[in-house]
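User: Please take a close look at one part of this model, beginning with a single pairing between strands, and then follow the description outward into the parts that complete the picture. A connected account would be preferred to a list.

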Amino acid sequence: MEHASQERLLTETDIARILGQGLRNRFAHSDRVLVIIPDATRTAPIPLIFRLICDLLLERVAALDFLVALGTHAPMSESALLAHVGISRIERVGKYSRVGLFNHVWDDPSALVTLKTIPAEEVFAITHGLIKQKLPVTVNHKVLNYDAALVCGPVFPHEVAGFSGGNKYFFPGISGPEVIDFTHWVGALMTSRAIIGTYDTPVRRLIDRAAREIPCARYFVNMVVDGSGLAGVYVGSEGDGSWLRAARHSAQLHITWLDTPVSQAFAVVPSMYDDLWTGAKGMYKLEPVIADGGEILLYAPHISELSYTHGKLLDEIGFHGTEYFNANWDSYGRYPWAILAHAAHVRGVTTYERGVEVPRIRLTLASQIPRERCEKVGLGYRDPRSIDLSYWKKHTEEGYLYVPSAGEHLYKLRASGVGPAAER
């Protein structure tokens, strides 16, 4: 069951009807259901979805719990979890006392289970020869305790998988470090510029292959977000095409196609991204339209950390392209691949010859991270206090792009030949 509107946002009544028609008859009274939702770094009406799912299923199934697909993001506190799903402490111990609210834990082996190991030869074929190494399919052990997993998350263009949503909420959303490292490094080897906004990618195929090992039934509520509301809701099960239809709808809403590249982009990073690890999405979504030698200025005066989880390692590694890391693998191969991949995505496409790395574009960060730290890790620096935001809003110079809320909307060039139409 699905619904999309090209003329208006869906109302709460619309969404409740879609969920009811799509989910009401999928579960038995004896079923234990685990609902997987994003954290606060993804725009989606999670409080509404939480309430509607509970209204629909809480009295119909044996158990209904929610797990936040954090990947490697920091865990949410109890108060943050309650705010995220939109309930009070009184409701938590009253109406929703039977509902479990859990954070995913990616770095605690006791919280994980290895379902199977995908052979190296299969990985090699799926990744089109990029990596030949076996992949342990490690995931949050809670999936063993439920009859069904219900993914409720938005679909956006994504720098690693092409588009987010669907099985990506399992891998890397609730997976262990092996899958997180593997998928992110494959994406980095392909480069974000090439993969972002493409439906069918080696990373997506690897994710879908790993998800086949999930022992419980899998269902999906794929949301297409438009501003603060929903333009589409696509409810389905694995293999029925509901995720792809949501991704196509996302492409219509979340990709702007330009005829010519721009030399400079000013990107305002919204407050939902509280470190560069998440806020760098503002760079990923703009990189494809920046001309060679151009610049992205990330304006993030609220950000004070490279990463609350991985900042120390990023200080050691710095930001470099994949050519640099591969040429110096003896020094960098010991680091988690997901961190290397993030560093490469932030740096963007580079060349590395005779010991000299040359980035295709410049990335300048205007945040609370001091100049010395920015320069040490290879980022440009601009004091946010020196920036007159009203000037940049009104700036109209040719080849300039102002993005008031960067991170979820993708900009691409029509002549690039890479994008949603390239379903290879």
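Analyst: In this predicted model, K116 has V137 as its bridge partner in β6. That contact belongs to a wider pairing: strand β5, residues 112–118, is joined to β6 by 6 bridges, and the two strands run antiparallel. Strand β6 itself covers residues 135–140, and 5 of its 6 residues are buried, so the strand is largely enclosed by the rest of the structure. In a regular strand, side chains alternate between the two faces of the sheet.

Helix α6 is also mostly covered. The helix spans residues 177–190, and its 14 residues reach 20 Å from the first C-alpha to the last, close to the 20 Å expected at 1.5 Å a residue. Of these 14 residues, 10 are buried. The buried residues include the nonpolar V179, I180 and F182, but D181, T183 and H184 are also among them. Further along the helix, W185, V186, G187 and A188 are buried as well. After the helix comes T191, whose phi is positive, near 80°.

W185 leads from α6 to a distant part of the chain. The whole structure contains 19 aromatic pairs. In one of them, the rings of W185 and W337 have their centres 6.4 Å apart and their planes at 45°, so the pair is tilted. Because W185 lies in α6 and W337 in helix α15 (residues 337–347), this pair ties together parts that are 152 residues apart in sequence. What is the burial state of the two partners? W185 has a relative accessible area of 3% and is buried; W337, at 16%, is buried too, because the cut-off is under 20%. Aromatic residues also form a cluster, made up of F266, Y299, Y391, W392, Y400 and Y402.

Open space completes the account. Rolling a probe the size of a water molecule over the atoms shows where empty space is left. The largest pocket has a volume of about 340 Å³. Its lining consists of 17 residues, with R204, D208, E238, W243 and L244 nearest the centre. Two helices, α8 (202–211) and α9 (242–254), each supply at least two residues of that lining. By class, the lining comprises 7 charged, 6 polar and 4 nonpolar residues. Among the residues nearest the centre, R204, D208 and E238 count as charged, whereas W243 and L244 count as nonpolar.

Technical notes: Residues numbered from 1 in each chain as written. Predicted model: local features only at pLDDT ≥ 70, side-chain atom pairs only at ≥ 80, totals over all residues. Heavy atoms only, no water. 1 Å grid on protein atoms, 1.4 Å probe; cavity = no way out; pocket = protein on both sides within 12 Å on 5 of 7 lines; lining within 4 Å. Points joined across faces, edges and corners; volume = space filled by probe spheres on them. Helix = DSSP H or I, 4+ residues; strand = E, 2+ residues; numbered from the N terminus. Buried < 20%, exposed > 50% of the residue type's maximum accessible area, 1.4 Å probe, protein only. Pairing = 2+ DSSP bridges. Expected span 1.5 Å × (residues − 1). Phe/Tyr/Trp six-rings, centres within 6.5 Å; stacked < 30°, edge-to-face > 60°.
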